[in-house]
Amino acid sequence: MNGWQEPKDGKRIYLITDNTRMDDLSECFQDGDVDRLFISYGESRTNLGIHFYRNHLYSSNYVGICRLKTSGGDSLYDSDGNELLLKVVPRFDVTVVELLNFIREDDEFDRYMAPQTISNRHQDKEIEEIDRNEIFYFFENEKPLKVDDKISAENSIITVTVFLTLLRLLCKRPLMGRMLKEEENLTGKVKGKIVVEKNIRTNTMRGRNDRFYCRYLHFTDNIVENQILKAALKKAKRFVVDYFRDYSMGNNNYARMISYCSNALRHISDIQCSGSSCAGLRFSGCYAYYRPVMEMAEMVLNDISIESGGKVNTTGYVVPYAISMEKLFEVYVRAYLKKHGISSYKEKADKCIRLKKFDSKTDIFQEEEGLLNPGKYIAGSIKPDLVLMNEETGETVVFDVKYKDYSNGSSRNDRLQLLAYSMMMNADNIGIILPTYAEAEIFDARRIHSMEERTVRYHQILLDMKKDNSLVADYIKENAFEKKNL
């Protein structure tokens, strides 16, 4: 039910679906606050990207919940002092959690959580900051919001997903360690220096001259930082098991990530802690990669509680967040195609239709860097959303995934983008995949006017996210690679 909800606990939520007009947003504003409201004119996530389109205020492709902010970063309130919040939900009959549940078995799941870099040299770059993730974004400097249980549970699985992904990347690298002072009563040897007072009291006065009470430095990774990560991992596992009843079934990325991290941290001591234990921890130098993981661990520890009886609950407090439905829909389509017969780039087969690696890019120019030429103005790389290769014939098909309503009219940018893909990838078949409210729909392929001798066809497909059938995948396998003179 779009619009302002009744105030509760000193907060008033404006509920809206993504990409929807927001004509009544200003109804609860105090006088003059409408002019102070931050409006996005680019890719800003502030206020979940609300913007003007054709002289009307619209929500964007971002879903999530946040405080409404002014251009100066101040929170907005209604005349009764209630804090004004904005919650955007998908306009399609599908939740973010349902989409996550669908893609959790995908073999590139961990790469979907990593940053989509511009440079071809850094296409496998790991996450250094939380805000480098292009699907999920957390307003980490904001105070947590008290929300109802449904919103809290959805936020928790998102938080756990990002945490497990980051933790798995961390566990592939050396664990942080430091030199700690150890004291031990050794037999027949001395290590470090003898603690005279304790040695006299413990050994000499008892006639044990064969023993020496020593203090020495010892390097260990069993430190509080890793103990906090293990505590957060255990909470995350309990929540995932409780949330996904089929946690251990199938090719499940949650189960694999938890198993991998648990094995890497198996020698770390178990402690009881909360998110406040992360306060004051600092990470720099060669261990700077700990910082984003620890920030997510703090969210997990604060958000998930386990009662004495073993029941898992969420605290009801969430860190404001934004989710790019555009990016989430893109990876959903990739997972859908693999599930219905399109091979992953990892699979080895001579006769198959295979997807190229996620985040794979093609440089515009073949020349090496450093050459002086005017082409530097358009230098860089392109990254089609879906590049499919027929391993038997060598033919390439390129699809772009758009989280848009195609009935709103044609898009010049999308048009030029697809034509560039066709030229650079030598693709005789190109197309766009869009989401739909109704049944999946496949339009008749159209021949593109070109002075080239080859025939290039355009395919437009509407994919229904609620019904998991193979209709679209079957069409691509049977028709998108077939060359016809239309």
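How much accessible surface does the chain have, and what share of it belongs to carbon and sulfur atoms? In this predicted model, the accessible surface comes to about 25,200 Å², and carbon and sulfur atoms account for 47% of that area. The C-alpha atoms occupy a box of roughly 100 × 65 × 55 Å along the principal axes. Of the 486 residues in the chain, 49% are buried. Among contacts with a separation of 6 or more, 71% involve residues 24 or more positions apart.

The secondary structure consists of eleven helices and 24 strands. Six of the strands make up an open sheet of mixed pairing, in the order S1-S2-S6-S5-S15-S7. Strand S1 (3-4) and strand S7 (136-138) stand at the edges; each has a single partner strand, so one side of each lacks a neighbour in the sheet. Within this sheet, strand S2 (residues 11-17) is paired with strand S6 (residues 83-89) in the parallel sense, over seven bridges. Lys-11 has Glu-83 in S6 as its bridge partner.

Strand S12 (residues 304-306) contains Ile-304. This residue counts as buried, because its relative accessibility is 1%, under the 20% limit. Beyond its neighbours within four places in sequence, Ile-304 is in contact with Val-160, Lys-235, Phe-239, Val-312, Asn-313 and Thr-315. The C-alpha atom of Ile-304 is also 9.2 Å from that of Ala-232, although the two residues are 72 residues apart along the chain.

On the surface, Val-190, Ile-194, Val-196, Ile-200 and Met-205 make a nonpolar patch of about 460 Å². Ile-194, which belongs to strand S10 (residues 193-194), is partly exposed with a relative accessible area of 33%.

The count of salt bridges comes to 31. One of these joins Arg-21 and Asp-23, with the closest N and O atoms 2.6 Å apart. Both residues are partly exposed, Arg-21 with a relative accessible area of 36% and Asp-23 with 49%. Another salt bridge is formed by the side chains of Lys-402 and Asp-414, at an N to O distance of 3.4 Å. Lys-402 lies in the loop between strand S20 (396-401) and helix H10 (412-425), whereas Asp-414 is in helix H10, so this pair ties together parts twelve residues apart in sequence. Lys-402 and Asp-414 are both buried.

A further salt bridge links Lys-477 with Asp-474, the closest N and O atoms being 3.6 Å apart. These residues are separated by about one helical turn, because they are three residues apart in helix H11 (residues 471-480). Lys-477 is partly exposed at 30% relative accessibility, as is Asp-474 at 26%. Elsewhere, Asp-106, Asp-107, Glu-108, Arg-334 and Lys-338 are joined into one network by salt bridges that share partners.

The count of disulfides is zero. For Cys-278, the closest cysteine sulfur is that of Cys-273, at 6.8 Å; this is too far for a bond, because a disulfide requires the sulfur atoms to be within 2.5 Å. Cys-278 is buried, with a relative accessibility of 8%. Cys-214 is also buried, at 0% relative accessibility.

Technical notes. Residues are numbered from 1 along each chain as its sequence is written. This is a predicted model: local features need pLDDT of at least 70, side-chain atom pairs count only at pLDDT 80 or more; totals for chains, interfaces and linings use all residues. Side-chain values use heavy atoms; hydrogens and water are left out. Patches are made of residues with over 30% relative accessible area and no salt bridge: like charges are joined within 9 Å, nonpolar side chains (Val, Leu, Ile, Met, Phe, Trp, Tyr) within 5 Å. Accessible areas come from the Shrake-Rupley method with a 1.4 Å probe; for residues, only the protein chains shown count as cover. A salt bridge is a side-chain nitrogen of Lys or Arg within 4 Å of a carboxyl oxygen of Asp or Glu. Helices (H or I, at least four residues) and strands (E, at least two) are DSSP runs, numbered from the N terminus. Buried means under 20% relative accessible area, exposed over 50%, partly exposed in between (1.4 Å probe, protein chains only). Two strands pair if DSSP finds at least two bridges between them. Contact means heavy atoms within 4.5 Å.
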